[in-house]
Amino acid sequence: MSRMDGKVALVTGGARGIGGATAREMAIAGAKVVVGDILETAGRETVAAIHAAGGDAEFVRLDVTGERDWTAAIDLATRSFGKLDVLVNNAGMFVGKGIEESSLEDWNRLVTVNMTAVYLGTKLALPALREAARSSEHGSAIVNVASIAGIVGSPLDPLYSASKGGVTLFTKSAALEFGRKGYRIRVNSMHPGVIQTEMGEQSLLTRARREGGNDTAPMKAALAQTVPLGRLGAPEEIARGIVFLASDDASYMNGASLVVDGGFTAA
């Protein structure tokens with residue numbers, strides 16, 4: 001089992017969904033976790049659940065598109081827990097529009113949350129991660145949550161796919177840059193398939209409306225049939241993969257893409 005004893009992690013979009021599950025799983029694995037999100041009530045509930053289970057966590061309001069919020073979140077981690085070993089860039093969004101239906105405003109908003117925020121978090125957390133790496137046997141780690149849509153094209157969500165493709169190559173490039181500079185910071189990406197989260201449900205609703213309805217159940221059943229395992233994924237199944245990438249068990253993984261999709265992209 002991947003362990004994170006003694007490590008401090010910052011998880012963006014950590015209030016619910018994959019981010020919330022990641023924060024809880026990291027705490028179970030022994031990490032001290034800073035939960036960053038704009039959803040304050042849900043974020044504090046996640047922290048309370050971690051505390052109730054015997055873990056250690058703090059909440060910080062974090063709009064990942066703003067430098068000031070990033071600085072405050074990183075300062076909280078180092079002030080409360082003494083360092084920052086792990087950054088999980090999980091916060092994301094999609095607009096559910098095709099190229100013709102979307103506006104420049106849609107595109108800019110999507111890119112700001114899905115790509116610019118990953119750049120900002122990586123850049124601003126870099127000094128703290130580099131400092132923590134100096135006293136760690138296997139260094140520090142960044143895990144960027146991309147998507148299978150960042151590996152293969154999407155006929156329904158091309159804008160989302162483009163943004164996650166950017167995250168995929170940014171991950172590889174950051175891994176190469178930090179390796180070249182001797183920073184001892186591993187950078188890897190996680191690529192979930194269709195997961196049963198609020199965002200996943202929103203995606204299903206978008207698909208249902210394109211078919212002229214609002215019922216997501218038929219869409220969910222049809223999509224599950226396209227997955228070799230015959231079902232959609234749970235947030236915890238992605239979270240455990242993120243914990244692995246962040247832990248020392250993945251100490252020789254760098255610039256890699258971990259796909260957890262039930263076999264969807266294997267065909």
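A residue counts as buried under 20% relative accessible area, as exposed over 50%, and as partly exposed in between. Keep that scale at hand for this tour of a predicted model.

**Stop 1: arginine 184**

Select arginine 184 first. Its relative accessibility is 38%, so this residue counts as partly exposed. You will find arginine 184 in the loop between helix 5 and strand 6. Check the backbone torsions while you are here: phi is positive, about 60 degrees, although arginine 184 is not a glycine.

**Stop 2: the whole chain**

Now zoom out and colour by secondary structure. The protein has 8 helices and 7 strands. Its radius of gyration is 18 Å, close to the 18 Å that the globule rule gives for 267 residues, so the protein is as compact as a globular protein of that length. Along the principal axes, the C-alpha atoms fill a box of roughly 55 × 40 × 35 Å.

Switch on a contact map if your viewer has one. Of the contacts between residues at least 6 apart in sequence, 71% join residues at least 24 apart.

Next, show the surface. The accessible area is about 12,100 Å², and carbon and sulfur atoms account for 53% of it. Buried residues make up 50% of the 267 residues. For a look at the charges, mark the 27 positive and 29 negative ones: their mean positions are 4 Å apart.

**Stop 3: the nonpolar cores**

Hide the surface and select Leu10, Trp70, Leu84, Phe178 and Ile185. These are the residues with the most contacts inside the largest nonpolar core, which has 28 residues. Strand 1 (8-12), helix 3 (67-81), helix 4 (104-134), helix 5 (158-180) and strand 6 (185-192) each give two or more residues to this core.

A second, separate core holds 26 residues, including Val11, Ile18, Met190 and Ile242.

What surrounds isoleucine 185, leaving aside its neighbours within four places in sequence? Its contacts are Leu126, Leu129, Arg130, Ser140, Ala141, Ile142, Phe178 and Asn254.

**Stop 4: alanine 128**

Move to helix 4, where alanine 128 is found. Is alanine 128 buried or exposed? With a relative accessible area of 15%, alanine 128 is buried, since the cut-off for that class is under 20%. Not counting residues up to four places away in sequence, alanine 128 touches Ile74, Thr78 and Leu84. Draw a distance from its C-alpha to that of lysine 83: the two are 45 residues apart along the chain but separated by 6.7 Å.

**Stop 5: leucine 39**

Select leucine 39, in the loop between strand 2 (32-37) and helix 2 (40-52). Leucine 39 counts as partly exposed, at 32% relative accessibility. Beyond its neighbours within four places in sequence, leucine 39 is in contact with Ala15, Arg16 and Phe59. Its C-alpha is 9.8 Å from that of valine 60, which is 21 residues away along the chain.

**Stop 6: aspartate 63**

Finish at the loop between strand 3 (56-61) and helix 3, where aspartate 63 lies. This residue is partly exposed, with a relative accessible area of 31%. Which residues does aspartate 63 contact, apart from neighbours within four places in sequence? They are Ile38 and Asp69. For a last distance, pick the C-alpha atoms of aspartate 63 and glycine 36: 27 residues apart in sequence, they lie 8.1 Å apart in space.

Methods. Residues numbered from 1 in each chain as written. Predicted model: local features only at pLDDT ≥ 70, side-chain atom pairs only at ≥ 80, totals over all residues. Heavy atoms only, no water. Helix = DSSP H or I, 4+ residues; strand = E, 2+ residues; numbered from the N terminus. Rg over C-alpha atoms; globule rule 2.2 N^0.38 Å. Buried < 20%, exposed > 50% of the residue type's maximum accessible area, 1.4 Å probe, protein only. Contact = heavy atoms within 4.5 Å. Areas by Shrake-Rupley, 256 points an atom, 1.4 Å probe, with all protein chains shown as cover. Lys, Arg positive; Asp, Glu negative; His and termini not counted. Charge placed at Lys NZ, Arg CZ, Asp CG, Glu CD. Core = buried A, V, L, I, M, F, W, Y, C linked by side-chain atoms within 4.5 Å.
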